[in-house]
Amino acid sequence: MEFMEVVRRRRSIRKYRPDPIPQAKLDHILEAARLAPSWGNGQCWTFVVVTDTKLRHELGEAGNTWIADAPVIIAACADPKHSGVKEDQDYYLLDIGIAMEHLVLAAADQGLGTCWIGRFDEARAKKALGVPGNVRVVALTPVGYPDEEPEPRPRKTLGEIVCKDRWA
Ligand SMILES: Cc1cc2nc3c(=O)[nH]c(=O)nc-3n(C[C@H](O)[C@H](O)[C@H](O)COP(=O)(O)O)c2cc1C
């Protein structure tokens, strides 16, 4: 798909078909994440690809039970010591944000649905996946073939979000 078409077509998908994802498609979206830019090229991320049914349900129990219906859940984890801090802003969050958006857009291009999950019990997710103490689980996303076609959610206009030269 042409780039802007991918951007326009992507939706947060909250209903999935159980069909498995071909390994080549999974590798493709992980490769897109791997190529993301990061603070000092620190690449602070580890992506835990969860297909085990019990583990998917445990991740669902961390806040969003419906994500267990997707055949794959990806947990985007960060080791903050491989990223930076600027004036109290932790950049590992941004590194993960960029890498995950690469992954999410690549998934949309492959006809796969995803949904950023930010609200979940991190301690539960860490315990389920055996993530070490110093590593943060920043986001989860289910990945699978969509079983819904949501309408686009509203967006502000460019006029509302862009100013010229100075804040206005
Ligand atoms: C950082 C971030 C965290 C999010 N967390 C959740 C979440 O915990 N649960 C959920 O259902 N959707 C979550 N979303 C999805 C948003 O609700 C969704 O992107 C927004 O409503 C716009 O809809 P769209 O993605 O279909 O364009 C999150 C999105 C982002 C970018």
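User: Let's start with the ligand. Which residues surround the ligand here?

Analyst: The shell is made up of Arg 10, Arg 11, Ser 12, Arg 14, Trp 66, Cys 115, Trp 116, Ile 117, Gly 118, Arg 119, Arg 153 and Arg 155. Keep in mind that this is a predicted model.

User: How many nonpolar, polar and charged residues does that shell have?

Analyst: Sorted by class, four are nonpolar, two are polar and six are charged.

User: And the polar contacts: which atoms lie how far from the ligand's oxygen atoms?

Analyst: The general idea is to look for N or O pairs within 3.5 Å. Here, a polar side-chain atom of Ser 12 sits 2.6 Å from a ligand oxygen. Arg 153 also uses its side chain, with an N or O atom 2.8 Å from an oxygen of the ligand. Arg 119 takes part through its backbone instead, where a polar atom is 3.0 Å from a ligand oxygen. As for cover, the ligand on its own has 620 Å² of accessible area, and the protein covers 68% of that.

User: Now helices. Why would buried residues line one face of a helix?

Analyst: An α-helix makes a turn every 3.6 residues, so residues three or four places apart point the same way. Take α5, residues 122-129: Glu 122, Ala 125, Lys 126, Ala 128 and Leu 129 are buried there. Looking down the axis of α5, these buried residues fall within an arc of 165°, so they line one face of the helix.

User: What covers the buried residues of α5, and which residues are on the face turned away?

Analyst: The cover includes β1 (45-50), α3 (53-61), β2 (72-78) and β6 (136-144). The face turned away carries the exposed residues Ala 123 and Lys 127.

User: Why does Ala 123 count as exposed?

Analyst: The cut-off for exposed is over 50% relative accessible area. Ala 123 has 54%, so it counts as exposed. Its C-alpha is 8.4 Å from that of Ala 62, with the two positions 61 residues apart along the chain counted as their separation.

User: What happens at the ends of α5?

Analyst: At the N-terminal end, Asp 121 is the cap, with a side-chain oxygen 3.1 Å from the backbone nitrogen of Ala 123. Just after the helix, Gly 130 takes a positive phi of about 70°.

User: One last residue: is Leu 93 exposed or partly exposed?

Analyst: Partly exposed, because its relative accessibility is 44%. Leu 93 belongs to helix α4, residues 92-109. The C-alpha atoms of Leu 93 and Pro 80 are 8.6 Å apart, and the two residues are 13 residues apart along the chain.

Definitions and conventions. Residues are numbered from 1 along each chain as its sequence is written. This is a predicted model: local features need pLDDT of at least 70, side-chain atom pairs count only at pLDDT 80 or more; totals for chains, interfaces and linings use all residues. Side-chain values use heavy atoms; hydrogens and water are left out. A residue is near a molecule or strand if one of its heavy atoms lies within 4 Å of it. A polar contact is a pair of N or O atoms within 3.5 Å; within protein, one must be able to donate a hydrogen and the other to accept it, and residues adjacent in sequence count only if both atoms are side-chain atoms. Accessible areas come from the Shrake-Rupley method with a 1.4 Å probe; for residues, only the protein chains shown count as cover. Ala, Val, Leu, Ile, Met, Phe, Trp, Tyr, Cys and Pro count as nonpolar, Asp, Glu, Lys and Arg as charged, and the others, Gly among them, as polar. Helices (H or I, at least four residues) and strands (E, at least two) are DSSP runs, numbered from the N terminus. Buried means under 20% relative accessible area, exposed over 50%, partly exposed in between (1.4 Å probe, protein chains only). The arc is that of the directions from the helix axis to the C-beta atoms. Contact means heavy atoms within 4.5 Å.
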